[in-house]
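Thanks for sharing this one. Here are my notes, point by point, to read alongside the model.

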Amino acid sequence: ITLFDPGLAEGFETALQLRLGEERFRAVVAGDLTLERGEVDQPDALVTTDHETLLALSHRRRELDEAEAAGDIEVEGDHEAVERFFGLFVLPEPALIEVG
């Protein structure tokens, strides 16, 4: 959640149901991100995956289409909303370390 960039979410609203194994989370984007355990009554999309794939997509180490083709994530509903959701997280710039 700390990597969420509200500037990237401007004008974007969605409610996603995330299923990570037996765990259920609702992710609601409406100017900010609310991520908590529980269910969404009428989600824009249902996302079924595991923790590792979720992190890899959020950190942009994997692409959604590739993860789907590999069977590591299943998206039911608004695919575009899910793709945009994963684009709302920004990794910090790597620190430059001078040695010497």
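1. The chain exposes about 6500 Å², with carbon and sulfur atoms supplying 49% of that area. Areas come from the Shrake-Rupley method with a 1.4 Å probe, and for residues only the protein chains shown count as cover.

2. A word on the basis: this is a predicted model, where local features need pLDDT of at least 70, side-chain atom pairs count only at pLDDT 80 or more, and totals for chains, interfaces and linings use all residues. Residues are numbered from 1 along each chain as its sequence is written, and side-chain values use heavy atoms, leaving out hydrogens and water.

3. You will find three helices and five strands in the chain, running β-β-β-β-α-α-β-α from the N terminus. Helices (H or I, at least four residues) and strands (E, at least two) are DSSP runs, numbered from the N terminus.

4. The C-alpha trace spans about 55 × 30 × 25 Å along its principal axes. Of the 100 residues in the chain, 35% are buried (under 20% relative accessible area).

5. Do look at the negative surface patch formed by Asp44, Glu63, Asp65, Asp78, Glu80 and Glu83. Patch residues have over 30% relative accessible area and no salt bridge (side-chain nitrogen of Lys or Arg within 4 Å of a carboxyl oxygen of Asp or Glu), with like charges joined within 9 Å.

6. Glu63, one of that patch, sits in the loop between α1 (51-58) and α2 (64-69). Glu63 counts as exposed because its relative accessibility is 55%, and the cut-off for exposed is over 50%.

Terms used: Patch = residues over 30% accessible without salt bridge, like charges linked within 9 Å, V, L, I, M, F, W, Y side chains within 5 Å. Lys, Arg positive; Asp, Glu negative; His and termini not counted. Charge placed at Lys NZ, Arg CZ, Asp CG, Glu CD. Buried < 20%, exposed > 50% of the residue type's maximum accessible area, 1.4 Å probe, protein only.
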